[in-house]
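Morning, everyone. I have one structure to show, and I'll keep it short. Let's put it on the screen.

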Amino acid sequence: MRRLRRTPALRSLVRETHLHPCALVYPLFLCPGEGVRKEVASMPGVFNLSIDEAVKEAESCAALGLGGLLLFGLPAEKDDLATSAYAANGIVQQGLRALKSSRSLDGLVLIADVCLCEYTSHGHCGIVSKDGARGLDDKDSYTIENDATLPLLASTAVSLAQAGADIVAPSDMMDGRVEAIRAALDAASCQNTPILSYASKFASAFYGPFREAAGSAPQFGDRRSYQMDGANLREAMREIDQDIAEGADMILMKPAMPYLDVIRAARERYDVPLGAYQVSGEYSMLQAAFQRGWLSPDRAILESLTSIRRAGADFIVTYFAKDAARVLG
Ligand code: PBG
């Protein structure tokens, strides 16, 4: 076996899995203001960016040849109905218009995350109703209302598509949301906007740093009544079946590294384009090791991304997108 490992040229010739910057997507967190570039404490190298700063960041992503950006918003106002998520002048809607007005960014696919948790005062991904007379601080006394949430998600997707999103990506995990979003997009003359569904999204401890970055931690309870139990691979396949049947054009698997077996199973079963999200906690734990000098960044970053591609992902959403593109040169 070692004959083909002898030189870099031989190893490169027989390499089975390749990483390309064009298949990496970089998340951006847009916030109000001007000249704002605020580092997220638990995610070194990741920033909350005002729109002017986000445009500069996007330009460096385009220059590195990245495939696209995934946009999240930190709104100025939150309320129980997530009004800022579907406002025509919402933070991501404004950001999309600014990014779309720059010719130099034409090579980047702009993906807008569709969820309510950054926009609701309680931090849940759907409408909350109280059960009976007990207060919201009783953890058993509330319900996340599935069907009442769907029109809000659909309005959010339409307003993001109208503001210029190339792709909308629902991450809320309500049942039936892909169908509701497809119908609303079509009715609003957005037939050409594809849906990238976070079809397989597990209730994960690895989202912790994101919730600091996006200010979206639930104020009570957790997300286990809508996101999947991490023990369930077959259920993930049923989620994907349903989303494809409802009209999802592409699917996103999340988290990535702790769920490589689920990515592999989905790859073998479905022919739609499949992405994986190397989430905030996966980034932060590697960063923590880099800061201590325990792991060597360039090699660990490429190895982690290669493992996700080898498991079957066509593209990867990752906070390491720019670093990886630099190393890949
Ligand atoms: C919104 C959303 C989350 C992430 C992506 N979209 C947070 C969550 O579900 O709590 C997590 C991404 C990451 O951890 O990097 N629902």
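A quick definition before the ligand: a polar contact here is a pair of N or O atoms within 3.5 Å. Keep in mind that this is a predicted model.

How far is an oxygen atom of the ligand from an N or O atom in the side chain of Ser 280? The distance is 2.7 Å, so the pair counts as a polar contact by the 3.5 Å limit. Arg 211 also puts a side-chain N or O atom 2.7 Å from a ligand oxygen. With Lys 254, the partner is a nitrogen atom of the ligand, and a polar side-chain atom lies 3.3 Å from it. How much of the ligand's exposed area does the protein bury? Alone, the ligand exposes 400 Å², and 100% of that is buried by the protein.

Now the surroundings. The ligand sits in the largest cavity. Around it are 18 residues. The closest include Lys 201 and Tyr 319. Split by class, this shell holds 10 nonpolar, three polar and five charged residues.

Back to Lys 254. Its peptide bond to Pro 255 is cis, with omega near -10 degrees. Pro 255 belongs to the loop between strand S10 and helix H8.

One more backbone point. Ala 82 is not a glycine, yet its phi is positive, about 55 degrees. You'll find Ala 82 in the loop between strand S4 and helix H3.

Last, confidence. The average pLDDT is 96, and 97% of the residues score at least 70. Strand S6, residues 127–130, is lowest with a mean of 88. Strand S12, residues 315–318, is highest at 99.

Notes:
Residues are numbered from 1 along each chain as its sequence is written. This is a predicted model: local features need pLDDT of at least 70, side-chain atom pairs count only at pLDDT 80 or more; totals for chains, interfaces and linings use all residues. Side-chain values use heavy atoms; hydrogens and water are left out. A residue is near a molecule or strand if one of its heavy atoms lies within 4 Å of it. A polar contact is a pair of N or O atoms within 3.5 Å; within protein, one must be able to donate a hydrogen and the other to accept it, and residues adjacent in sequence count only if both atoms are side-chain atoms. Accessible areas come from the Shrake-Rupley method with a 1.4 Å probe; for residues, only the protein chains shown count as cover. On a 1 Å grid over the protein atoms alone, a cavity is a set of points where a 1.4 Å probe fits but cannot get out, and a pocket is an open set with protein on both sides within 12 Å along at least five of seven lines; lining residues have an atom within 4 Å of a point. A molecule sits in a cavity or pocket if more than half of its atoms lie within 2 Å of its grid points. Ala, Val, Leu, Ile, Met, Phe, Trp, Tyr, Cys and Pro count as nonpolar, Asp, Glu, Lys and Arg as charged, and the others, Gly among them, as polar. pLDDT is the predictor's confidence in each residue, from 0 to 100. Helices (H or I, at least four residues) and strands (E, at least two) are DSSP runs, numbered from the N terminus.
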